[in-house]
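Q: I should like a close look at a single part of this protein, set in the context of the whole chain. Please treat it in one connected account.

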Amino acid sequence: MREFINHEKFDGIEKRIFDVKDYMDNNGFNLFTISSYGSHLENFHSDIIALLLNPKERHKLSHTFLDLFIKFLNSKGFCIQKDDYRNSEVLRETGRIDIWIKDSISKKSIIIENKINNAGDMDDQIERYYNYAIENGFSVDCVIYLSLNGNKIAPLTDNKEINDIILNVSAFSNNQDDLYHSWILGCYEVSKNNEDCSSFIYQYGKLLKHLSKMGIDKDIKNDFYEIVSQGTGLEKMKAITELANGLEEYRADLFIEKIGKNYAPFKKTYRYKPWHWLFENLIIDNILYKLDVHFYTGKVRIDFWNPNEDDDRSIIADKLDSIGLYEDFEEYGFGNGMYKEFVVSPIKSLKEIDNEVLQYIQVFFEKLR
């Protein structure tokens, strides 16, 4: 088990996971996630993408974003001429097409089918959109099937000509081929002199990363997958998971085993929860005192308190002060009590913290006695 845990691919894993979580949290802070209504709707994303692609829209950067989009499509094997879209319109929900880019002079068009929120596919949906464009006198250069992270792909049609121009694109999957890296970032870079536009694009990019989440920690998960796929790795992982799930309970076991019978002046111990010991029945000057010791992942907390809510909070503070430990504790613990936490850190291991707690509690009992 030690060899499994010390595998080289686990080196620095805790920092890598922390960085990923921090990155996800930061992307969750954006204008579009403030409201519970909007960003979960496909129309919302189609409106934003269409706005950026439309040369006549309020970004006032003319064809800049559309040209970058065509450049992205050409990098995927298409051969679309920017000049064929100098007179383009970007329409929403025309012929039920999510986004239709069409040029009335060249009679060229591009269809975008937005599935960012994983909506289902209607029967013959793509064929109908393609046929709608053809029936209205426009050829179709490309049909973009846009999903959130690339797991959803366009259904094949019975028409090879249509299948050949379908391009599956992920909004964000943390690779250079997704829409974020291939287009959104480019739009952001060229709009930096336009504060309103660049901040809008920046916030939308954060939203896509926040919604996707997948891919940000892809490298970590891939390393883990490779390790557990080797030999008995999967069985070891299951065993370690089971042990980890019971670790707080085991730490509580070790603690009470070392305390033994030496918990006077308290007269009774009680296991309130598997990871939580309660010392009680200490009465001094008609005041009842209790002490809780709880073992959490990465920390231990102790609460010294009085269960009588009618008593003044200062009772606990005065008692701690009388034994010289007031400065160690924080206010607003359980009941009318005060609390102290012992936290695992890069310079204090879990075992060192648990030993520190044991020694502190033993001193605490002694001072109370």
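Against which elements do the buried residues of α12 pack?

A: The model considered here is a predicted one. In it, the buried residues of α12 pack against four strands, namely β7 (276-284), β8 (287-296), β9 (299-305) and β11 (338-343), and against helix α13. Helix α12 itself spans residues 314-322, and its buried residues are I315, I316, A317, K319 and L320. The list thus includes a lysine, K319, beside I315, I316, A317 and L320. After the helix comes G324, which has a positive phi near 75 degrees.

One of these buried residues, I315, also belongs to a nonpolar core of 34 residues, together with I256, F295 and L368 among others. In soluble globular proteins, nonpolar side chains tend to be buried together. This core lies apart from the largest one, which has 55 residues, with F69, I101 and W183 making the most contacts inside it. Helix α3 (residues 42-53) gives the most to that largest core, namely seven residues. W183 touches I49, L52, L53, F65, L68, F69 and D178, leaving aside residues up to four places away in sequence.

Helix α13, one of the partners of α12, also takes part in the second largest pocket, whose volume is about 280 Å³. Two elements, α11 (247-259) and α13 (350-368), each give two or more residues to the lining of this pocket. The greatest share comes from α11, with six residues. The lining consists of L247, Y250, R251, L254, F255, K258, F295, L350, K351, D354, N355 and L358. By character, these residues divide into seven nonpolar, one polar and four charged. F295 is therefore a residue of the pocket lining as well as of the 34-residue core, where a nonpolar core is by definition made of buried residues.

Two backbone features belong to the connections around these elements. Most residues other than glycine have a negative phi, and most peptide bonds are trans. D285 has a positive phi near 55 degrees, although D285 is not a glycine. This residue is located in the loop between β7 and β8, two of the strands against which α12 packs. With a relative accessible area of 69%, D285 is exposed. The other feature is a cis peptide bond between A264 and P265, with omega about 15 degrees. P265 is placed in the loop between α11 and β6 (268-273).

A positive phi also occurs at R96, where the value is about 70 degrees and the residue is again not a glycine. R96 is situated in the loop between β1 and β2 (97-103) and is exposed, at 56% relative accessible area. In strand β1 (residues 88-94), L91 has 21% relative accessibility and so counts as partly exposed, since the cut-off for buried is under 20%. L91 touches D98, I99, W100 and K102, not counting residues up to four places away in sequence.

As for the whole, the protein chain has 13 helices and eleven strands. Of its 369 residues, 44% are buried. Among contacts between residues at least 6 apart in sequence, 58% join residues at least 24 apart. The chain exposes about 20600 Å², of which carbon and sulfur atoms supply 49%.

Technical notes. Residues numbered from 1 in each chain as written. Predicted model: local features only at pLDDT ≥ 70, side-chain atom pairs only at ≥ 80, totals over all residues. Heavy atoms only, no water. Core = buried A, V, L, I, M, F, W, Y, C linked by side-chain atoms within 4.5 Å. Buried < 20%, exposed > 50% of the residue type's maximum accessible area, 1.4 Å probe, protein only. Contact = heavy atoms within 4.5 Å. 1 Å grid on protein atoms, 1.4 Å probe; cavity = no way out; pocket = protein on both sides within 12 Å on 5 of 7 lines; lining within 4 Å. Points joined across faces, edges and corners; volume = space filled by probe spheres on them. Nonpolar A, V, L, I, M, F, W, Y, C, P; charged D, E, K, R; others polar. Areas by Shrake-Rupley, 256 points an atom, 1.4 Å probe, with all protein chains shown as cover.
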